[in-house]
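Work through the exercises below with the sequence and the structure at hand. Each task is followed by a worked solution.

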Amino acid sequence: MSKHKSIPICSKASPEEMAADLKSLVDFQDEGLTLLALNRMVEKQLIPHLMQYDQPGFQSMFNAYPEEGAKYGATVALYFNQGVTNWQVSPGGVMLEELCCKAICKLFGFSPDADATFMASGTYGNQEALYLALHKQAEKEGFDLAEKGLKGFKDPSRLIVLTSKDAHFSVKHAARMLGLGEECLRFLPVDSNRRISVHKMKEIIMKLQKSKDIFCVFITAGTTSTGSVDPILPIAEICEEIGAWLHVDGAYGFAYRLVLEWNYLFEGAELADSLCWNPHKQLGIPIPNSLLFVKRWEDFGRMTVYSDYFNRREDSEPNPGLKSPPSTRPFSALSLVTSLRYQGITKVIERLRAPLVAIKMFYERLKKEDDIEICHQPDLGILCFRIVPDGYPEKELDNLQRYVYDSIMAERERTISLTKLDDKIVLRVVAIDPVVTTKALMETISRVKALAKEYKK
Ligand SMILES: Cc1ncc(COP(=O)(O)O)c(C=O)c1O
């Protein structure tokens, strides 16, 4: 498979042009093609339209090309196509996944009682965590949520989840899918670095406590927009006091707990009732690779559904399928295991540290640029900023950021992203792969400045 390393980072085709290129691929025929013919079609028609994640100019999203060791594991998993939820379908797959989950818990410093399971994505991990929290609340009210559902609650409108205004939108999906509705979410204000303000959180809890039941606090270790890490330890202490389940969404950020100089940001993570993390982001493990951790292994018991043909109550072997809904899942553990073994933890940590250092140095450089407004101090590998040329009218600044973003994306030499912080449109760069250096990020700034000059108000 040839990777198209040369610029552009992805073809410049419009959606219509792309559809025209791809159309013949889905022209399902009675007769099959040779693999050689298929390969030619895919190389010519599809691959130029795929995004090249390993280029220094890829500065927009959390995606990465597979790391070499991970690629090996993924190839073996693909070859044998193991389902891993049940001993009957893959004893070796099941046992490796169970051992891997325990070993990863240890690597991150969780207690020996902790456990984990592989999930299809961070979104599903967050959803399962919210279900576990709700189940625990039902137990407090003296009934089994699995049996009775929401109607078991005396007054479901009292149920509240506290989260940050910067939390990933998957928390909304979770609230919807559980039948609670988005109305159950209370979005907490953030401080100047876009971390939950603990002091304001306490005030809000005081106000809510009489009329509502805060059953879950859903915080983020590495927010999607700015990479900010909410203060885990003080929030864990509050949750302990008010008896709320603490879920940490570490889908993007939790890997950085392994990097010594950044470790302090994650203090208290081991106190969380549940936590999710996506090795398919910065570790370069093939998608899907996501983990949900729980502080007490028996918490997964709330997910258990037995059946007559497998996952039987009387089975004595491990069945990871009892920890989450799917009865078929890919053998994701293998690529994580082979990646960590191939590189060794020292190299893994170096890989993780590089983009954090790049963004930190980038931030220091940007502080000296008069026409750049920095939106937050970076906790991890993300920085949001605005280009603000001297004397530019405030009301035009959002349009200027949009113009710069659209132009950069159309050029296809690099990618950045656009997001909204409070009421402002801002530009956002992400460093996931070590190839994204401070130099590469500064080149983006040069382009941003040149485009801003071109923009006609
Ligand atoms: C903080 C955070 N949580 C959850 C998710 C959702 O993860 P997934 O895309 O695996 O569903 C993301 C995705 O980027 C994220 O950044």
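**Exercise 1.** Describe which residues surround the ligand in this predicted model.

*Solution.* Start with the count: 13 residues lie around the ligand. Next, pick out those that come nearest, which are Ser121, Gly122, Thr123, His168 and Ala251. Last, sort the shell by class: nine residues are polar, three are nonpolar and one is charged.

**Exercise 2.** Find the domains of the protein chain and describe how they touch.

*Solution.* The domain assignment places domain 1 at 70–343 and domain 2 at 345–454. Taken over C-alpha atoms, the centres of domain 1 and domain 2 are 30 Å apart. Now look at the contact between the two: 20 residues of domain 1 meet 19 residues of domain 2. On the domain 1 side, the touching residues comprise 10 polar, eight nonpolar and two charged ones.

**Exercise 3.** Trace the open sheet of seven strands and state which strands stand at its edges.

*Solution.* Read the strands across the sheet: the order is E1-E7-E6-E5-E4-E2-E3, with mixed pairing. Strand E1 (115–119) and strand E3 (185–188) stand at the edges; each has a single partner strand, so one side of each has no neighbour in the sheet. Ignoring direction, neighbouring strands of the sheet are turned by 20° against each other on average.

Then take one pair from the sheet. Strand E5 (residues 245–249) and strand E6 (residues 274–277) pair in the parallel sense over three bridges. Asp249 stands opposite Cys276 in E6.

**Exercise 4.** Is strand E2 buried or exposed, and which strands does E2 pair with?

*Solution.* Begin with burial. Six of the six residues of E2 are buried, so the strand is largely enclosed by the rest of the structure. Leu159, Val161 and Thr163 point one way from E2, while Ile160, Leu162 and Ser164 point the other way.

Next, check the partners. E2 pairs with E4 in the parallel sense over five bridges, and with E3, also in the parallel sense, over four bridges. Val161 illustrates both pairings: its bridge partner in E4 is Cys216, and its bridge partner in E3 is Leu185.

**Exercise 5.** Which strands do helix H8 and helix H9 lie across?

*Solution.* Take helix H8 (residues 198–208) to begin with: this helix lies across strand E2 (159–164), E3 and strand E4 (213–220). Helix H8 runs at about 150° to E3. Helix H9 (residues 232–242) lies across E4 and E5, and runs at about 170° to E4.

Terms used. Residues numbered from 1 in each chain as written. Predicted model: local features only at pLDDT ≥ 70, side-chain atom pairs only at ≥ 80, totals over all residues. Near = placed C-beta within 6 Å. Nonpolar A, V, L, I, M, F, W, Y, C, P; charged D, E, K, R; others polar. Domains from an automatic or database assignment. Contact = placed C-beta atoms within 7 Å. Pairing = 2+ DSSP bridges. Helix = DSSP H or I, 4+ residues; strand = E, 2+ residues; numbered from the N terminus. Axes fitted to C-alpha atoms, helices over the stretch in contact; angles between N-to-C directions. Buried ≥ 20, exposed ≤ 12 C-beta atoms within 10 Å, placed from the backbone.
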